[in-house]
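Open the structure in your viewer and keep the selection box at hand. This tour tells you what to select next and what is there.

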Amino acid sequence: MFYLPLFHRLQGVPCLVVGGGQTALRKLRWLLRAGAQVRLIAPAVDADIQRLRDAGELVIERTAFYPEAITPDLRLVISATNAPQVSEAVFARAIRLGVLVNCVDRTELCTVIFPAIIDRFPILVAVSSMGQSPTLSRSVRGWIEVRLPQNLGRLAELAGRLRQQVKASLSSVDARKGFWDSVFASSAATKAMQGDLEGAITDAQQQLEQTEQSGQILLVGAGPGDPDLITLRGLRAIQSADVLMYDKLVHPALLEYARRDVELVDVGKQGPREEAGATGWGSNHGDGKAARPTGTKMQEVINQRMVGEALKGKKVVRLKGGDPFIFGRGGEELLEAAAHGFQVQVIPGITAGMAAASYAGIPLTHRHMSQSVRFLTGHRVAQAQNLEWAEWARDDQTLVIYMGLVSLANIQAHLLAAGRAETTPAVLIENASLPEQREIFAPLGELHQAVVSAGISGPSIIIVGEVVDIPRMGNAKA
Ligand SMILES: C[S@@+](CC[C@H](N)C(=O)[O-])C[C@H]1O[C@@H](n2cnc3c(N)ncnc32)[C@H](O)[C@@H]1O
């Protein structure tokens, strides 16, 4: 059975509820919210229903159901009773008079069904399983609930206030759509949702002026791998992009949120073995076969494309694995954009080092074991001079090493030579936050050998420090 979702105007419209318990109360509340003129029929009613009646919100008829209670002027009848024969009688009479009918928990006795509702008035989301599984609908509602900011409705107010002005300024439908998408992903949206409507309008009007003049560049953190770990604002930015430039370590599921007409640009860079994504996800990621420019040359190509598209007036979202400003060359891209006069919006992401720690149950600091954390890159450690190994070998801190797989033997040797104990707990976490995550725990003196034996080749984080022992003491995992 397929039910067509429609939003029904019930303002001032007569409706009947049969039953006086909690289930009836839940349905009754929605009818009153919609402004319906409600009569309720039941021999006894819940105290909350009585209170609503005392407040003049509905009329109660204290009697058992009788078929003539359903009259042709009614638009909708809801039967919320435990008595199956009552629902059957309600249904029979309503069908005969052509009145819409809903008998709770009796899908076969419904011409309309209630969805699970997410209420961010005036935004309402209705979820239905077509009567197959209300429990599943409620779960889906829960999944969507957490994605929708509580004050989402205030965005509608912002849009309503500026609607005419935007229409007058931007003649094309696409331009207006792009503008609103970018407003909903910006500080104007945040201000509106925080209740500062005037501030939001000012910000949005500035954006409108900019949109008339030029494009935009956003640097967005996609999080470490698991697509659920992106921020809500990051997601909204993806949805608003004209051009979406993404790295190899961005999960392909995130690209699905982009508009259908988005220009997708894969700028996955070549790098050390782990960065080449030998265990990457999806065919667009880490194939490493195409003859692309690499390293600095590749970064120049990315910068040029990013700025070039924005200069054409487009909204460019540069989607980067983890956080854009942690070993992500986000700073270089920011400077390049600034050099061309763009004020870049940066949306942070969960960096791989923090996600790896959480997913392995390792607190990066601990009052008695580690008072500081260092985020290091192991990239080109082998050739680097003047690295502060003595500092890094101090034992009251945690090291979080990115891109350290290829140089692991060197890193290990340098740390030991600088005085870090061979027995220091250490771990390499590959593909953190993804289903294929692997953790190789070993004392620092044996870590490289353990990693080689395990055949690790995917993106990896190495954590060194006493805190690495904590998962064995407790049982926490993200
Ligand atoms: C160029 S850096 C980018 C870091 C990113 N900006 C961040 O904040 O996570 C790439 C390195 O991050 C680490 N990395 C990224 N995603 C990872 C993951 N899911 N699991 C383990 N390490 C990861 C690896 O060391 C990889 O070589």
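The tour goes from the whole chain to single residues.

**Before you start**

This is a predicted model: local features need pLDDT of at least 70, side-chain atom pairs count only at pLDDT 80 or more, and totals for chains, interfaces and linings use all residues. Numbering runs from 1 along each chain as its sequence is written, and side-chain values use heavy atoms, with hydrogens and water left out.

**Stop 1: the whole chain**

Select the protein chain and show it as a cartoon. It has 17 helices and 17 strands. These are DSSP runs, numbered from the N terminus: helices are H or I with at least four residues, strands are E with at least two.

Now turn the view. Along the principal axes, the C-alpha atoms fill a box of roughly 90 × 60 × 40 Å. The radius of gyration is 30 Å, whereas a compact globule of 478 residues would have one near 23 Å. That radius is taken over C-alpha atoms, and the globule rule is 2.2 Å times the number of residues to the power 0.38.

Switch to a surface. The chain exposes about 23500 Å², and carbon and sulfur atoms supply 52% of it. The areas come from the Shrake-Rupley method with a 1.4 Å probe; for residues, only the protein chains shown count as cover. Of the 478 residues, 46% count as buried. Buried means under 20% relative accessible area, exposed means over 50%, and partly exposed lies in between (1.4 Å probe, protein chains only).

How far apart in sequence are the residues in contact? Among contacts with a separation of 6 or more, 66% join residues 24 or more positions apart. Contact means heavy atoms within 4.5 Å.

Color the charges next. There are 49 positive and 48 negative ones, and their mean positions are 6 Å apart. Lys and Arg count as positive, Asp and Glu as negative; His and the chain ends are not counted. Each charge is placed at NZ of Lys, CZ of Arg, CG of Asp or CD of Glu.

**Stop 2: confidence**

Color by pLDDT, the predictor's confidence in each residue, from 0 to 100. The mean is 89, and 91% of the residues reach 70 or more. Then select residues 275-290. Here pLDDT stays under 50, and the model has 33 contacts beyond four places in sequence for this stretch.

**Stop 3: a cis bond and a glycine**

Select phenylalanine 121 and proline 122. The peptide bond between them is cis, with omega near 5°. Proline 122 sits in the loop between strand S6 (116-120) and strand S7.

Move on to glycine 131. It lies in the loop between strand S7 (123-127) and helix H4 (134-147). Its relative accessible area is 26%, so it is partly exposed. Beyond four places in sequence, glycine 131 is in contact with Thr107 and Ile113. Measure from its C-alpha to that of proline 115: the distance is 8.8 Å, across 16 residues of sequence.

**Stop 4: helices H6 and H7**

Select helix H6 (residues 173-184) and pick out valine 183. Is valine 183 buried or exposed? Its relative accessibility is 0%, so valine 183 counts as buried. Leaving out residues up to four places away, valine 183 touches Leu158, Ala188, Ala189, Ala204 and Gln207. Add isoleucine 463 to the selection: its C-alpha is 40 Å from that of valine 183, with their positions 280 residues apart along the chain.

Go to helix H7 (residues 187-193) for lysine 191. Lysine 191 is partly exposed, at 27% relative accessibility. Its contacts beyond four places in sequence are Asp196, Gly199, Ala200 and Asp203.

**Stop 5: helix H13 and its cover**

Select residues 352-359, helix H13. The buried ones are Gly353, Ala355, Ala356, Ala357 and Tyr359. Show what covers them, including strands S14 (397-402), S15 (425-430), S16 (438-443) and S17 (460-464). Just after H13, glycine 361 takes a positive phi of about 75°.

**Stop 6: two positive phi values outside glycine**

Select arginine 329, in the loop between strand S11 (315-320) and helix H12 (330-339). Its phi is near 60°, a positive value in a residue other than glycine. At 27% relative accessibility, arginine 329 counts as partly exposed.

Finish at serine 433, in the loop between S15 and S16. Its phi is positive too, at about 75°, although serine 433 is not a glycine. Serine 433 is buried, with a relative accessible area of 5%.
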